[in-house]
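Student: Could you take one part of this protein and go through it slowly with me? I would like to see how its charged side chains are paired, how far they are covered, and what lies beyond them.

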Amino acid sequence: MLNNIFSSIITNGTFTGTEFLIATITSILCGIVIAVTYGIKNKCSKSFAITLVLLPAIVELVIILVNGNIGAGVAVAGAFSLVRFRSAPGRGQEITSIFLAMAVGLATGMGYIGVAILFSIVISGINLIFNLGKFGEANENHRTLKITVPENLDYEGKFEDIFDKYLTNYTYDEVKTSNMGSLYKLTLSVVMKTDVSTKAFLDDLRTRNGNLDISLGRRIDSLDTL
């Protein structure tokens with residue numbers, strides 16, 4: 001039984017219409033599994049979801065047309081994949097999902113239907129478990145703090161006592177001027193203490209910066225870009 005799963009339905013680089021139909025249907029079904037799994041906990045556009053569904057079938061056709069020559073197939077499919085990233089970098093999971101879809105297409109193109117199905121289910125399942133869990137997530141208390149101060153306010157040492165009261169750690173990421181130099185905008189990476197009041201924190205800061213703009217939000221982490 002196990003040997004049948006890991007055996008190919010295509011022999012000597014030749015295939016019948018039935019075998020081609022089985023491989024194509026399997027590719028599309030596996031693509032649907034990959035797309036659905038990716039979209040559960042990730043922002044997924046309609047275009048990208050359709051790409052994940054159709055990519056295995058496209059790669060499968062490439063492999064079949066080169067008569068099972070895996071080297072030529074990978075070269076051609078690799079050239080196709082470069083189109084996706086020609087202008088903008090992709091997120092880690094986007095690239096992983098595309099490579100998974102290509103791997104499934106390679107497997108079905110070589111006739112390894114069982115391998116394609118098993119690999120799609122196992123990898124998509126692991127991906128789903130990690131996405132639903134908190135694996136690799138940043139600390140919820142990590143925030144980005146932005147404070148606007150007037151030019152006549154010496155911000156150095158002005159807020160440290162408040163920071164010590166509400167934060168466990170803070171670092172100045174950026175200081176820039178705005179409004180023709182009449183204002184300073186401070187950007188800090190901060191770690192909030194557990195069970196402290198965000199409102200009280202902002203209220204204390206407002207008393208020091210002349211009630212100008214203050215924002216406190218979740219950190220936007222760009223490290224996911226490849």
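**A close look at helix α8 and its partners**

Tutor: Let us begin with Asp204, which counts as partly exposed because its relative accessibility is 23% (buried means under 20% relative accessible area, exposed over 50%, and partly exposed in between, with a 1.4 Å probe and protein chains only). Before going further, please keep in mind that this is a predicted model, in which local features need pLDDT of at least 70 and side-chain atom pairs count only at pLDDT 80 or more, while totals for chains, interfaces and linings use all residues. Residues are numbered from 1 along each chain as its sequence is written, and side-chain values use heavy atoms, with hydrogens and water left out.

The structure contains four salt bridges (a side-chain nitrogen of Lys or Arg within 4 Å of a carboxyl oxygen of Asp or Glu). Asp204 takes part in one of them, with Lys165 as its partner and 3.8 Å between the closest N and O atoms. This pair connects distant parts of the chain, since Lys165 sits in helix α7 and Asp204 in helix α8, 39 residues apart (helices, H or I, at least four residues, and strands, E, at least two, are DSSP runs numbered from the N terminus).

Next to Asp204 in our tour comes Asp203, whose salt bridge with Arg206 has its closest N and O atoms 2.9 Å apart. Here both partners, Arg206 and Asp203, belong to helix α8 and are three residues apart, which is about one turn of the helix. Arg206 is partly exposed because its relative accessibility is 36%, and Asp203 is likewise partly exposed because its value is 24%. Through shared partners, salt bridges join Lys199, Asp203 and Arg206 into one network.

Now follow the chain to Arg208, which forms a salt bridge with Asp161, the closest N and O atoms lying 2.8 Å apart. Once again distant parts of the chain are linked, as Asp161 is in helix α7 and Arg208 is in the loop between α8 (198–206) and β4 (214–218), 47 residues apart. Asp161 counts as partly exposed because its relative accessible area is 42%, and Arg208 counts as partly exposed because its relative accessibility is 26%.

From the charged pairs we can turn to the aromatic ones, of which the structure holds five (rings of Phe, Tyr and Trp, its six-membered ring, pair if their centres lie within 6.5 Å; planes under 30 degrees apart are stacked, over 60 edge-to-face, and the rest tilted). The ring centres of Tyr155 and Tyr184 are 5.8 Å apart and their planes meet at 55°, so this pair is tilted. The two tyrosines come from distant parts of the chain, with Tyr155 in the loop between β1 (142–150) and α7 (160–166), Tyr184 in strand β3 (residues 183–192), and their positions 29 residues apart. Tyr155 counts as buried because its relative accessibility is 16%, whereas Tyr184 counts as partly exposed because its relative accessibility is 26%. Ring pairs also join Phe159, Phe163 and Tyr170 into a cluster.
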